[in-house]
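Biologist: I am new to this structure and would like to get to know one part of it properly. Could you pick a single stretch, take a close look at it and walk me through its surroundings?

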Amino acid sequence: MIKKAQLSDILNFMSKLSLLKIWNFGLLLVSYQFSKIYKKSIHKGSPMTISIEPTTACNLRCPECPSGLRSFTRDTGNLKSDFFRNTIDQLHHKLIYLILYFQGEPYINPQFLEMVAYAKSKNLYTITSTNGHFLNEANAKKTVESGLDRIIISIDGITQETYEVYRKEGNLQNVIQGAQNLIKWKKELQSSTPYIIFQFLVVKPNEHEIEGLFKLAKEVGVDEVKLKTAQVYDFKNGNELIPTLEKYSRYKKNVDGTYSIKNYLLNHCWKMWNSCVITWDGIVVPCCFDKDADHRLGNLKSETFADVWKSKEYDKFRNLIIQGRDKIDICNNCTEGCKVWESVNV
């Protein structure tokens, strides 16, 4: 049954649509289907969604995250608002929703909420993901005022002891208080947005707290809980983070005791036709699995987005996907075709 908050979110999302955006979506879908049939890249249309990275910096040290591990080979920095506005100006007519997140903690960028407000002024549905440590009273109020449509708050435990196993150097109470601050200001400002989601990354140390998570989410008053499977880089010989609950694991144990990813790598990928990721410094990469920007398809500091999107380099990468995703490193731990989320309305 659809709850009031969820219905409001759906209607809000639909309000961002236009005939041009729907037509563009149709072009993307048809060209993608033809590409699968003819086994070569046929591409029409502009992206319906993009992810832009506000920053690579983070206050936490999560063990499976390049930001947390401080392991990037690419530069660390903050997205600049003038570059952001220029990019949105090029794309907003056909763009349906914008993800203001890739790596790092978005709220570290001091211009983050200004950028949200600008995207909102262009009639885009805006989404971000945060570890929740910067949602003090002032930022919570500004977040609601910015018009942000959806916020995903990572909460990977319901006790501090469990939470800090993965969210190293994090404070669970700060996260809970941050969510409460958002809810308070939504009421104060009589706003239906942002739609608030608790995201729980299921790993072995916290899988016993799943049931208690729903109770906590109801007490706090968030709109939805998402249980997410965890990506683990070193999984072949097992990993202490891989859950024992098979339904929440991206990996399966083989007869020889080793582990492999569950899903079969199909030689096509919808994301390569409808979306892309832009790093804080303007590098265009294929998707969110290219965390260190190894597959650079263009640079928006020296090229227009249209030139990058239709470039030979981009077309070459789409053809590589069709020829064999198992030959592309970032695809080998990909969840395309694998169930990643389990969503429950609170």
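Modeller: Happy to; what follows is a tour of one pair of neighbouring strands, with the whole chain as a backdrop. Please keep in mind that this is a predicted model.

Let us start with the backdrop. The chain holds 12 helices and 12 strands. Its radius of gyration is 20 Å, close to the 20 Å that the globule rule gives for 346 residues, so the chain is as compact as a globular protein of that length. Along the principal axes, the C-alpha atoms fill a box of roughly 55 × 50 × 45 Å. Of the 346 residues, 53% count as buried. Looking at contacts between residues at least 6 apart in sequence, 70% join residues at least 24 apart.

Now to our part: strand β3, which covers residues 125–130, and strand β4, which covers residues 150–154.

Take β3 to begin with. This strand is mostly covered, with 6 of its 6 residues buried. In a regular strand the side chains alternate between the two faces of the sheet. You can follow this along β3: Tyr125, Ile127 and Ser129 point one way, while Thr126, Thr128 and Thr130 point the other way, and all are buried.

On one side, β3 has β2 (residues 97–99) as a partner: the two strands run parallel and are joined by 3 bridges. One place to find this pairing is Ile99, whose bridge partner in β3 is Ile127. Between these strands the chain passes through a helix, and β2, α5 and β3 together make a right-handed β-α-β unit. Helix α5 spans residues 112–121, and the loop between α5 and β3 holds Asn123. Asn123 deserves a glance, as its phi is near 65 degrees, a positive value in a residue other than glycine. With 34% relative accessibility, Asn123 counts as partly exposed.

β3 also pairs with β4, again in the parallel sense, here over 4 bridges. Two spots show how they line up: Thr128 has Ile151 as its bridge partner in β4, and Ser129 stands opposite Ile152. The connection from β3 to β4 runs by way of helix α6 (residues 137–146), and the three elements make a right-handed β-α-β unit.

β4 itself is mostly covered, with 5 of its 5 residues buried. Arg150, Ile152 and Ser154 point one way from this strand, Ile151 and Ile153 point the other way, and all are buried.

Moving on from β4, we reach strand β5 (residues 195–202), which pairs with β4 in the parallel sense over 5 bridges. Here Ile151 stands opposite Ile196, and Ile151 is also the bridge partner of Thr128 in β3. Just before β5, a cis peptide bond joins Thr193 and Pro194, with omega at about 5 degrees. Pro194 is found in the loop between α8 (172–188) and β5.

Let us return to the start of β3, where Tyr125 brings in an aromatic story. A search of the whole structure finds 10 aromatic pairs. In one of them, the rings of Phe13 and Tyr97 have their centres 6.1 Å apart and their planes at 55 degrees, so the pair is tilted. Phe13 lies in helix α1 (residues 4–14) and Tyr97 in β2, so this pair ties together parts that are 84 residues apart in sequence. Phe13 also pairs with Tyr125: the ring centres are 5.2 Å apart and the planes are at 75 degrees, so this pair is edge-to-face. As Phe13 lies in α1 and Tyr125 in β3, the pair ties together parts that are 112 residues apart in sequence. The covering of the two residues can be read from their accessibility: Tyr125, at 2%, counts as buried, whereas Phe13, at 29%, counts as partly exposed.

If you would like to look at rings elsewhere, Phe25, Tyr32, Trp270 and Trp273 form one aromatic cluster. There are also charges over rings: Arg74 lies over the face of Phe72, at 4.6 Å from the ring centre, and the charged end of Arg318 sits over the ring of Trp309, 4.7 Å from its centre.

To retrace our part: β3 has parallel pairings with β2 and β4, and β4 in turn pairs with β5.

Key:
Residues numbered from 1 in each chain as written. Predicted model: local features only at pLDDT ≥ 70, side-chain atom pairs only at ≥ 80, totals over all residues. Heavy atoms only, no water. Buried < 20%, exposed > 50% of the residue type's maximum accessible area, 1.4 Å probe, protein only. Pairing = 2+ DSSP bridges. Right-handed = clockwise from strand over helix to strand, strands pointing away. Phe/Tyr/Trp six-rings, centres within 6.5 Å; stacked < 30°, edge-to-face > 60°. Lys NZ or Arg CZ within 6 Å of the ring centre and 35° of its normal. Rg over C-alpha atoms; globule rule 2.2 N^0.38 Å. Contact = heavy atoms within 4.5 Å.
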